[in-house]
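Q: Could we work through this model together, one feature at a time, with the general idea set out before the particular case?

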Amino acid sequence: MNSKKQHPPARENRPRVSLFVTCLADLFRPSVAFASIKLLEQAGYTVDVPRAQTCCGQPAYNSGEYEATVPLAQQVIELFEPYDYVVAPSGSCAGMICHHYPRLLQGQWRDRALQLAAKTFELTTFLSDVADMKRTRRPPVSLPTVTYHDSCAGLRELGIKEQPRKLLRELCDTGVRELQQTDVCCGFGGTFCTKMPEISGKMVGDKLASALATEAKILAGGDLGCLLNLAGRARRQDQAIEVRHIAELLVGDLEGPAIGEGQ
Amino acid sequence: MEQHSQTFIDNASEALGDTAKVQRRDLLGAFMPLVRDAAVEKFGKFEALRQHVKRIRQHSIDNLDHYLARFEEEALHNGNQLHFAADGDELNSIVLDICQQHGARRVAKGKSMVTEETGLNDFLQRANLDVKETDLGEYIIQQAGETPSHIVGPALHKSQAEIRELFLEKHDLGQRDLPEISDLVKEARVILREHFLQAEVGIIGSNALIAENGYSMLVTNEGNGDLCANLPKVLVICTTVDRILPRAEDATAMLRLLVRSATGQPQTCYTSFYSGPRREQDIDGPLETHIVLLDNKRTEIMDGNYREMLECIRCGACLNHCPIYTGVGGHAYGWVYPGPMGSVLTPLLTSLEQSTALPNACTSCGRCAEVCPAAIPLPDLLRDLRHDESRQQLTPVRWRKGLRLHAWLARQPRLYHFITGIGITIMQRLGRKKGGFRRLPLASGWTSQRDLPSPQGKTFMQQYRNGSGPGNE
């Protein structure tokens, strides 16, 4: 495999995790992918990044372009099925693989999709429920006050709620200042935010107001779609709240500018 | 009812411009989920019962022919007259015929979304019948000349002050102040009582039809349904074929989910079972009862991919939990049924061509499906409708082309990484200092509401390949 050649040989008996980078981390926020690799390595895994990966197919799928999504889903399955685990720093991409590939595909491909789904995890779920972060023996990261946006796909398709909070407690010794109506969508919704901008604008405005009301310094979340939406709105309203991905917080990577912040 | 679903985006824009109404809806969107959650939690067996009722609903729809035949037999045995209406026009004609046979001039009407669907009130009024809605919410919007904004609370969009103004204008009752809600209710009651006593025909809807005994179940909080059903000499129940349930205990099981989901109550103030006309030993009740069963595409839906939608029990929870519904309100959806359930039902009951915006009014957040007592996967059904739109070429061409191009490019990893690498490098150089873009070509939808954060640097794939990333020691 192409990707295996470029990496140091795996240490014996270290399980191999492949990172599904996600297209938004690839394009807008590479630090999220680097932070994810670091966390997985700290947890004792060998991390591979299959180079031929691109996008999970959500834009086409959620717009009802099922036929265009099928070959993309098959590409992801072929690329990632050789690994012990697949981890993605996004609830919606992991949800796409776990829930929607089996719904989209048929026959043998559906079986393969189900097999891939069984070993695919969103990052905080993997670190919290599969990996043993207590073994990492790394010094705790110190963070300013944090509020957390639960992204809908992660929350409802994968049940991600406690995991990021637990990791923040255990790795950063930080509690979350909960925002009001935490289970309500931020208005991103993939192409929705550009198809129905005004409604999306109302939703992201409400969500940002809830986050600001907590007076937390950082607004964190597990999905870059929502975070780009929230950070973009915070910029538009000249609000100073720092918007960051949970992976960056967990490794203590707060040096660089937050999402949407100038250099 | 005239349909305005195609202008959903403009309707929504107008709705969002009315700040006072936006605030009312925000309160509703915060409050209703709280009362629903509290009721569900206190009940404790919601999920188990939801699965149980789901199986019953599926079974009922799967065996609709059988249970309808049984219902018919039992209902006829109880002395009812049964009518089947293929579409809305047919239902309206049947009801008008019944009214005319009895020389009726006044009709007392209970709340019924089915008759909203068929436009019954207008139809009867054109035939010079005096039709009065007797559910307080329905009465208010009838006086205001509006349509329901919510399937359970049709006048939720109206403030107390607006209702007061309306009553002062519409009721010729002389000088009065009506400062309290109770004053408004009292006044409506006075007007409606008179009408109940004078009406020759009562029309109500139904929450369930029970096959084993031919009964029709109705829940209300005002008792107006019972007055419509018992005071006029003729009762007409208008409902749809998919309300059928096998047994009485199935209806009461469904009831436990319905009321908690709708209003957060353990049960409504009134739950009534109507068997048929007054029997000799009865002291009251209608002399004649009719049950009009409307199909209006339900059996067509049964044979298609959206069959699960027939399991909807019309509680309105998906509306209360949908941030788009609570954001823009029910009228923006432009037809009878709003919110997530309406965005599925409207294209199915009218046409997809007239409703293409509605399946797109969804972020797939899944909150509706999470609370739906009938466990209908609403976001999946809405996505499937978007798929239908694409196949029927109803999606705007540039969207379709753009998404297909992206999907194609994503299947050529080398080309994808090359092109995105160039694009991101340019964007990053332009936006790095400021951190984001206020405006961008081809992204006006995004930038009309928020900046686009600038990419952080080169793409991950570029950095990773070059070994320049912090994680690639």
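Q: In what order do the four strands of the open sheet in chain A stand, and what is their pairing?
A: A sheet is read by strand order and by pairing. In this predicted model, the four strands of the open sheet in chain A follow the order S2-S1-S3-S4, and their pairing is parallel. Strand S2 (46-48) and strand S4 (120-122) of chain A each have a single partner strand and stand at the edges, so one side of each is left without a neighbour in the sheet. From one strand to the next, the twist averages 35 degrees.

Q: Which residue of S4(A) does Val87(A) stand opposite?
A: Here one goes from the strands to their bridges, and then to single residues. Strand S3 (residues 85-88) of chain A runs parallel to S4(A) and is joined to S4(A) by three bridges; Val87(A) stands opposite Phe121(A) in S4(A). Helix H8 (residues 123-130) of chain A lies across S3 and S4 of chain A, and runs at about 100 degrees to S4(A).

Q: Which residues have the most contacts inside the largest nonpolar core?
A: A core is read by its extent and by the residues with the most contacts in it. The largest nonpolar core has 194 residues, and those with the most contacts inside it are Val87(A), Leu230(A), Val95(B), Val236(B), Val292(B) and Leu378(B). If residues up to four places away in sequence are not counted, Val87(A) touches Val17(A), Leu19(A), Phe20(A), Ser36(A), Leu40(A), Phe121(A), Leu123(A) and Phe126(A). There is also a second, separate core of nine residues, which includes Leu136(B), Ala155(B), Ile163(B) and Leu192(B).

Q: How many residues of domain 1 of chain A are in contact with domain 2 of chain A?
A: For a pair of domains, one looks at the bounds, then the separation of the centres, then the contacts. The domain assignment of chain A gives domain 1 (2-129) and domain 2 (139-251), whose centres, taken over C-alpha atoms, are separated by 22 Å. In contact are 30 residues of domain 1 of chain A and 23 residues of domain 2 of chain A. On the side of domain 1 of chain A that touches domain 2 of chain A, at least two residues each are supplied by H2, H3, H4, helix H6 (91-104) and H8 of chain A. The residues of that side divide into 12 nonpolar, 14 polar and four charged.

Q: Does Gly256(A) count as buried or partly exposed, and why?
A: The question is settled by counting neighbours, since a residue is buried if 20 or more other C-beta atoms lie within 10 Å of its own and exposed if 12 or fewer. Gly256(A) counts as partly exposed because it has 14 C-beta neighbours inside 10 Å. Gly256(A) is found in the segment after helix H14 (246-251) of chain A; although 225 residues apart in sequence, Gly256(A) and Ser31(A) are 9.0 Å apart in space, C-alpha to C-alpha.

Q: Which helix gives the most to the side of chain A that touches chain B?
A: An interface is read from the residues in contact, then the elements that supply them, then their chemical classes. Here 65 residues of chain A are in contact with 58 residues of chain B. Several helices of chain A each supply at least two residues of the side that touches chain B, among them helix H3 (30-42), helix H5 (66-80) and helix H13 (224-236), but H12(A) gives the most, with eight residues. The residues of this side divide into 32 nonpolar, 19 polar and 14 charged.

Q: What are the domains of chain B, and how many helices and strands does its secondary structure come to?
A: With a chain of several domains, the assignment comes before the overall dimensions. For chain B the domain assignment gives domain 1 (1-38 + 316-395), domain 2 (45-299) and domain 3 (406-466), and 56 Å separate the centres of domain 2 of chain B and domain 3 of chain B, taken over C-alpha atoms. The secondary structure of chain B comes to 22 helices and 12 strands, and its C-alpha trace spans about 95 × 60 × 45 Å along its principal axes. Of the 473 residues of chain B, 48% count as buried.

Q: Which strands are at the edges of the open sheet in chain B?
A: The approach is again order, then edges, then bridges. Four strands of chain B form an open sheet in the order S8-S5-S6-S9, with mixed pairing, and the edge strands, each pairing on one side only, are strand S8 (244-245) and strand S9 (270-274) of chain B. Strand S6 (residues 215-220) of chain B and S9(B) run antiparallel and are joined by five bridges, with Met217(B) opposite Phe273(B) in S9(B).

Conventions: Residues are numbered from 1 along each chain as its sequence is written. Chains are lettered from A and ligands numbered from 1 in the order in which they are written. This is a predicted model: local features need pLDDT of at least 70, side-chain atom pairs count only at pLDDT 80 or more; totals for chains, interfaces and linings use all residues. Two residues are in contact if their C-beta atoms, placed from the backbone, lie within 7 Å. Ala, Val, Leu, Ile, Met, Phe, Trp, Tyr, Cys and Pro count as nonpolar, Asp, Glu, Lys and Arg as charged, and the others, Gly among them, as polar. Domain bounds come from an automatic or database domain assignment. Two strands pair if DSSP finds at least two bridges between them. Axes are lines fitted to C-alpha atoms, for helices over the stretch in contact, and angles run from 0 to 180 degrees between N-to-C directions. A nonpolar core is a set of buried Ala, Val, Leu, Ile, Met, Phe, Trp, Tyr and Cys residues joined through C-beta atoms within 7 Å.
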